[in-house]
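Okay, thanks everyone, I'll keep this short. Let me put the structure up, and then we'll walk through a few spots on it.

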Amino acid sequence: VSPVMAQPFGAGFKIGVPLNDAFELAGSQNLPISLKNKSYIIAPQFELRLPAGFAIELDALYTSFEINSVGSVASSLLGASFDTDSWEFPLMLKKRFGAGDAVAVSARPFIGAGASFRRLGDIGEIGRFITSTGANTGSEKNSTGFVIGGGVEIRALFIRISPEVRFT
């Protein structure tokens, strides 16, 4: 009987639901702006497993938003809406607790923290609300932030399911 070695690399797929708006938009009295999440987040996930229950995880989270504006300009009602995409790349150091050598089914809680890099696309279309030209400037907006989260990893043979909650 030979010992089973743990695989140092992992890859998977994440599916999630945002619990709040990813960001806020400021409007004016003449031009209120609202943001609507598309209610899903999808991502490939990669992990490098380290000794002592540590791991480094990198995700590529994708979601889409709808931005709406309704305002009055020169006694007429003006409304506009467009979709924009968001890519978020959280890089986290994770720590799993509990024994990791169980053969059959095991559940291990974990916590993680790190940095998150976001790229918000097509925000140049906001100019459509003001100019009504329909021109797309194709602007992109990058931002960096902090991410923290936790959950439980449930392992059954070769499949791992990890429900978690994150704050970015």
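So, what you're looking at is a predicted model, and I'd like to begin at the surface. There's a nonpolar patch here, made up of Phe9, Phe46, Leu48, Leu50, Phe54, Ile56, Leu58, Trp87, Phe89, Leu91, Leu93 and Phe117. Together those residues have about 1,100 Å² of accessible area. Which elements give two or more residues to that patch? They're β3, residues 41-49, then β4, 54-59, and β6, 76-96. The largest share is from β6, with 4 residues.

Let's stay on β6 for a bit. Phe89, one of the patch residues, sits in this strand. Why do I call Phe89 partly exposed? Because its relative accessibility is 34%, and partly exposed runs from 20% up to 50%.

Now go to Arg96, also in β6. Buried or exposed, this one? Arg96 is buried, since its relative accessible area is just 5% and the cut-off for buried is under 20%. Its side chain makes a polar contact of 2.8 Å with the side chain of Glu47. If you skip the neighbours within four places in sequence, Arg96 also touches Gly53, Ala55, Arg108, Pro109, Phe110 and Glu153, as well as Glu47.

Last stop, Leu157. You'll find Leu157 in the loop between β8, 140-156, and β9, 159-161. At 65% relative accessible area, Leu157 is exposed. And have a look across to Ser106: that's 51 residues away along the chain, but the C-alpha atoms of Leu157 and Ser106 are separated by 9.1 Å.

That's my tour, happy to chat.

Terms used. Residues are numbered from 1 along each chain as its sequence is written. This is a predicted model: local features need pLDDT of at least 70, side-chain atom pairs count only at pLDDT 80 or more; totals for chains, interfaces and linings use all residues. Side-chain values use heavy atoms; hydrogens and water are left out. Patches are made of residues with over 30% relative accessible area and no salt bridge: like charges are joined within 9 Å, nonpolar side chains (Val, Leu, Ile, Met, Phe, Trp, Tyr) within 5 Å. Accessible areas come from the Shrake-Rupley method with a 1.4 Å probe; for residues, only the protein chains shown count as cover. A salt bridge is a side-chain nitrogen of Lys or Arg within 4 Å of a carboxyl oxygen of Asp or Glu. Buried means under 20% relative accessible area, exposed over 50%, partly exposed in between (1.4 Å probe, protein chains only). A polar contact is a pair of N or O atoms within 3.5 Å; within protein, one must be able to donate a hydrogen and the other to accept it, and residues adjacent in sequence count only if both atoms are side-chain atoms. Contact means heavy atoms within 4.5 Å.
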